[in-house]
Amino acid sequence: MNITDLKTVLNPEAIGQDLHCFAAELYPICRSITGDGFRETLRQIERFIPLKRFEVPTGTQVFDWTVPREWNIRDAYVKNSNDDRIIDFQQHNLHIVNYSIPVHQTMSLEELKPHLFSLPHHPDWIPYRTSYYKDTWGFCLTHKQLLELPEDQYEVCIDSTLEAGNLTYGEYYLPGEIEDEVLISCHACHPSLANDNLSGIAIAVHLAKSLSEIAHRYSYRFIFIPATIGSITWLSQNEDQVHRIKHGLVLSCLGDPGKSTYKKSRQGDAEIDRAVSHVLQHSEQDYNLIDFFPYGYDERQFCSPGFNLPVGCFMRSPNSKFPEYHTSADNLDFIQPEHLTDSFLKCVNVLSVLEHNRVYVNQNPKCEPQLGRRGLYRSIGGASGTGLNELALLWTLNLSDGQHSLLDIAERSGFEFDAIRRVAEALIETDLLKDAIDL
């Protein structure tokens, strides 16, 4: 079975449920850029695909950055003078500012307030806040909660550790027919945020598992890393291997109801950029293409000038462009199985384009070959989309000069890539096309 066969046997409804269920299983874990929450996330991923884990010690220099201390947390709360937990980390992971240092003291409301964070414009939502590189502490709460806090003496407890340890990441490598690689990257460090990062993790894992069960031309490398410092660390540790990466996608924010969005690689016209654009163009849905800019997810590290890798970012609603972003409203209700399925199938279609995009040479280039005597005539008469298309055949024959790929032909002719692929396969069977590599 190859990726074309895979597309015919996928069950969209079951895929959506599986993706959402996995996101729901990961949702309660308190993740961060280091620590046991990240390791537990990798353990959950290992139920589906075998990962090779890497532990990079605190203090390791990774280009201009240093791997930070490892953070773990057991409990955190703010109690009032009645001994009631009025802010409780056990109730929601977002209540604690991620990477808060340990604290245990009693203080007035005035002393506590500088350490409290809320969203006045969304008074029922809890914000997500971090402080990875500055030693401080804090709690996040709804704005309604904040406004209702009376003058009192509050017991503040953060039972956390911030000490020498490791930065952890996981990698799954699938060897293909060739060493050239497709990189699939997603950050796996956000706690209890469904769209921004669980949707990407779920789809990456499902893609990896699906690809492990079929034959494929490219080798695939899936990496599950903490955002920013994770991709910087991974690039630092794999600098001598990145020349194998021919295409790449960063996956995130793939379960919300927004239209599909693709942020191009820094190169702008890389094959991955063209493949995703082509799939979205023929999806019969609205979509959004964004040129590269040096902010966002880990594509900005892969696309830094010292690497300039052909890696784009596939999303639905872009990060920071939807109100629920980095709040408690980015929950399991915000991502829906049908949107996860749609994003997954588009990823499969993109990989299918990459897998089949080859350059061929017409073996009968002087005038059009007589198609009827080669058994292609009746196929020409088939309805568009259900059989071989005459014009797709003629475009493929005309542009298969050893210079144009099948994606080139699809783009120029306006046909969907699969239509061009199908006629190319028919022309190969009748010896009218040969792979340029074999000549």
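How many bridges pair β10 with strand β12 (residues 219–225), and in which sense do the two strands run? Select both strands in this predicted model. β10 and β12 pair over 5 bridges, in the antiparallel sense. For a reference point within the pair, pick Gly170, which stands opposite Phe224 in β12.

Stay on β10 and show residues 166–174. Of the 9 residues in this strand, 7 are buried, so the strand is mostly covered. Now add strand β1, residues 52–57. β1 runs antiparallel to β10, and 6 bridges join them. Here the residue to pick is Glu55, which stands opposite Thr168 in β10.

Next, select helix α2 (residues 12–26) together with helix α10 (residues 337–356). Their axes are 8 Å apart and the helices pack at an angle of about 110°. Angles of 65 to 115 degrees count as roughly perpendicular, and α2 and α10 therefore fall in that class. To display the contact, show Pro12, Ile15, Gly16, Gln17, Leu19 and His20 on α2, then Pro337, Leu340, Thr341, Phe344 and Leu345 on α10. Coloured by residue class, the contact of α2 with α10 divides into 7 nonpolar and 4 polar residues, with no charged ones.

Centre the view on Leu19, in helix α2. Is Leu19 buried or exposed? Its relative accessibility is 1%, and the cut-off for buried is under 20%, so Leu19 counts as buried. Neighbours within four places in sequence aside, Leu19 is in contact with Leu340, Thr341 and Phe344, and also with Ala202, Ile203 and His206.

From Leu19, move to Leu407. The two residues are 388 places apart along the chain, and their C-alpha atoms are separated by 30 Å. Now select helix α13, residues 406–413. Helix α13 lies across β17 and β18, and runs at about 70° to β18.

Show the sheet that includes these strands. What is its strand order? The order is β18-β17-β19, in an open sheet of 3 strands with antiparallel pairing. β18 (401–405) and β19 (433–435) each have a single partner strand and stand at the edges, so each has one side without a neighbour in the sheet. From one strand to the next, the twist averages 40°.

Finish on strand β17, residues 359–362, with β19. The two strands pair over 3 bridges in the antiparallel sense. The last residue to pick is Asn362, which stands opposite Leu433 in β19.

Terms used. Residues numbered from 1 in each chain as written. Predicted model: local features only at pLDDT ≥ 70, side-chain atom pairs only at ≥ 80, totals over all residues. Heavy atoms only, no water. Pairing = 2+ DSSP bridges. Helix = DSSP H or I, 4+ residues; strand = E, 2+ residues; numbered from the N terminus. Axes fitted to C-alpha atoms, helices over the stretch in contact; angles between N-to-C directions. Contact = heavy atoms within 4.5 Å. Parallel < 35°, antiparallel > 145°, perpendicular 65-115°, else oblique. Nonpolar A, V, L, I, M, F, W, Y, C, P; charged D, E, K, R; others polar. Buried < 20%, exposed > 50% of the residue type's maximum accessible area, 1.4 Å probe, protein only.
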